[in-house]
Amino acid sequence: MFRYSLEHKEFISTNIHGRYVLELTSMFNEKFDVEIQPSQMRAFIKNNGLKSGIDARIKAGNVPPNKGKKKLWTGGEDTQFKKGHKPHNYVPVGSERVNGDDYVDIKIADPNMWRGKHLIVWEQHCGRSVPKGHAVIFGDGDRRNFDPDNLIMVSRGQLAIMNKRGLIQKDAELTRSGIILADIIKKIGERKRSKR
């Protein structure tokens with residue numbers, strides 16, 4: 001770590017006004033025959049509360065130095081995105097994927113709208129959307145079985161009880177019986193709470 005002497009500090013304080021850090025660092029290195037980095041100079045200036053008087057921000061009304069100049073980017077126009085360009089990983093609407101929870105999703109709209117396939121199949125079969133506070137489960141627990149008879153709508157409350165009690169089985173009929181059992185468990189809990 002570089003140690004600043006009293007002479008160093010005086011030099012920086014005297015010469016900082018109207019100078020950027022790179023220029024001041026260069027002057028300092030030349031004067032004292034040292035090799036400090038601009039980051040070290042910047043830290044010294046900040047730690048000692050010094051100001052150069054140069055405001056690095058562009059103020060309202062100032063004209064940017066590149067105003068009116070065209071094509072200032074590096075690289076050619078061949079590498080620029082064109083209007084209507086589709087990225088290499090684009091998939092069309094109707095495509096399917098398996099999400100992180102192992103459910104199959106279908107792309108329903110661009111740019112990136114996906115929905116569970118089991119929800120879409122259930123809604124098409126029943127002719128209505130899944131109500132708020134409800135979910136569609138797989139009766140046999142197989143997330144690849146999209147047979148409408150295997151898709152069962154349950155309330156979130158029923159689903160919570162069924163998950164807690166292990167009432168979702170590998171057979172859709174047993175799972176339907178589990179829904180009835182979940183309703184009974186819920187009623188028993190409500191009665192117990194009302195008697196307190």
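**Exercise 1. Which residue in β5 does isoleucine 137 stand opposite?**

Before solving, note that this is a predicted model, in which local features need pLDDT of at least 70 and side-chain atom pairs count only at pLDDT 80 or more, while totals for chains, interfaces and linings use all residues. Residues are numbered from 1 along each chain as its sequence is written, and side-chain values use heavy atoms, with hydrogens and water left out.

*Solution.* Step one is to fix the elements: helices (H or I, at least four residues) and strands (E, at least two) are DSSP runs, numbered from the N terminus. Step two is the pairing, for which DSSP must find at least two bridges between two strands; β4 and β5 pair in the antiparallel sense over five bridges. Step three reads off the partner, and isoleucine 137 is found opposite isoleucine 152 in β5. Step four concerns burial, where buried means under 20% relative accessible area, exposed over 50%, and partly exposed in between (1.4 Å probe, protein chains only). Four of the five residues of β4 are buried, so this strand is largely enclosed by the rest of the structure.

**Exercise 2. Determine which residues of helix α1 (residues 6-15) are buried, and what they pack against.**

*Solution.* First, the buried residues of α1 are His8, Phe11, Ile12 and Asn15. They span an arc of only 95° around the axis (taken from the directions from the helix axis to the C-beta atoms), which places them on the same side of α1. On the other side of α1, Leu6, Glu10 and Thr14 are exposed. Finally, with contact meaning heavy atoms within 4.5 Å, the buried residues of α1 pack against α2 (21-32) and α3 (38-47).

**Exercise 3. Describe the largest nonpolar core and the elements that build it.**

*Solution.* A nonpolar core is a set of buried Ala, Val, Leu, Ile, Met, Phe, Trp, Tyr and Cys residues joined through side-chain atoms within 4.5 Å. The largest one has 13 residues, and those with the most contacts inside it include Ile12, Leu24 and Phe28. Two or more residues of this core are given by each of α1, α2 and α3, and the largest share, four residues, comes from α2. Leaving aside neighbours within four places in sequence, leucine 24 is in contact with Ile12, Asn15, Ile16, Met41 and Ile45. Apart from this core lies another, of ten residues, among them Ile137, Ile161, Met162 and Ile179.
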